[in-house]
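Hi,

Here is the structure I promised to pass on. Have a look at it first, and then read my notes below.

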Amino acid sequence: MEQLYATACAKSLRVSPTKVRLLADLVRGKKVGQAIAILNNCQSPVKVDLLKVLNSAIANAVNNYELEADKLVVSEIYVNPGATLKRMRARAKGSGNRILKRTSHIHIKVAVKE
């Protein structure tokens, strides 16, 4: 039997992937309502971006596949690194240090729990 799922992604978010993965690991495999409650009680400012992507995945499941939001589970969530912005900071004696401003891509897949 083929399992129905809905996906959502956010690309090129200006936050490092390691910071997002800390919260992504908390909600992986949880029911959607429980995942939203966990993210709402987190202190990290990254939770806003994760909540947006999670709510988008839920809306895609409800509107496109006519699935019930109560039965949805976060089946997959992964964070990949995006393009890195390279900047320079002036240092002593005319030299410079490289500053890496990292970006990330968030992918969330919600499915009906069987």
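Leaving aside its neighbours within four places in sequence, which residues is T103 in contact with? Before I get to that, please keep in mind that this is a predicted model. The contacts of T103 fall in two stretches of the chain: S12, L13, R14, V15 and P17 in one, and N80, P81, G82 and A83 in the other. T103 itself sits in the loop between β4 (96-101) and β5 (104-112). Its relative accessible area is 7%, so T103 is buried. Its side chain also reaches the backbone oxygen of A83, at 2.4 Å.

Next along is S104, which is already in strand β5. With a relative accessibility of 0%, S104 counts as buried too. A polar atom of the S104 side chain lies 3.1 Å from the backbone oxygen of V15. Not counting residues up to four places away in sequence, S104 touches a long list, including A10, S12, L13, V15, P17, V20, V79, N80 and G82.

Now the sheet. Three strands make up an open sheet in the order β1-β5-β2, with antiparallel pairing. β1 and β2 are at the edges and have a single partner strand each, so one side of each is left without a neighbour in the sheet. From one strand to the next, the twist averages 15 degrees. β1 and β5 run antiparallel and are joined by 7 bridges; one of the pairs to look for is A6 with its bridge partner V110 in β5.

Two residues are handy for finding your way around this sheet. A8 lies in strand β1, and with a relative accessible area of 8% it is buried. The C-alpha atoms of A8 and I108 are 5.5 Å apart in space, though the two residues are 100 apart in sequence. Beyond its neighbours within four places in sequence, A8 is in contact with I106, H107 and I108, and also with V53, S56, A57 and N60.

The other one is H107, in strand β5. Is H107 buried or exposed? At 19% relative accessibility H107 counts as buried, but the cut-off is under 20%, so treat that label with the number beside it. Not counting residues up to four places away in sequence, H107 touches A8, C9 and K11 as well as E76, I77, Y78 and N80. S12, which is 95 residues from H107 along the chain, has its C-alpha atom 12 Å from that of H107.

On to the helices. α3 lies across β1, β2 and β5, and runs at about 150 degrees to β1. α1 lies across β2 and β5, running at about 165 degrees to β2.

I spent some time on α3, which covers residues 47-65. At 1.5 Å a residue, its 19 residues should span 27 Å, and the end C-alpha atoms are 26 Å apart, which agrees. The buried residues in α3 are L50, L51, V53, L54, A57, I58 and A61. An α-helix has 3.6 residues a turn, so residues three or four places apart point the same way. What do the buried residues of α3 pack against? They pack against β1 (5-13), α1 (17-27), α2 (32-40), β2 (72-81) and β5. After α3 comes E66, with a positive phi near 55 degrees.

There is also a hairpin. Strand β3 (residues 85-90) pairs with β4 in the antiparallel sense, over 6 bridges, and R89 has N97 in β4 as its bridge partner. The hairpin has 5 residues between the strands, and K93 takes a positive phi there, near 60 degrees.

Last, the cysteines. How many disulfides does the structure hold? The count is 0. C9 has a relative accessible area of 46%, so it is partly exposed, whereas C42 counts as buried at 15% relative accessibility.

Over to you.

Best wishes

Notes. Residues are numbered from 1 along each chain as its sequence is written. This is a predicted model: local features need pLDDT of at least 70, side-chain atom pairs count only at pLDDT 80 or more; totals for chains, interfaces and linings use all residues. Side-chain values use heavy atoms; hydrogens and water are left out. Helices (H or I, at least four residues) and strands (E, at least two) are DSSP runs, numbered from the N terminus. Buried means under 20% relative accessible area, exposed over 50%, partly exposed in between (1.4 Å probe, protein chains only). A polar contact is a pair of N or O atoms within 3.5 Å; within protein, one must be able to donate a hydrogen and the other to accept it, and residues adjacent in sequence count only if both atoms are side-chain atoms. Contact means heavy atoms within 4.5 Å. The expected span of a helix is 1.5 Å times one less than its number of residues. A disulfide is a pair of cysteine sulfur atoms within 2.5 Å. Two strands pair if DSSP finds at least two bridges between them. Axes are lines fitted to C-alpha atoms, for helices over the stretch in contact, and angles run from 0 to 180 degrees between N-to-C directions.
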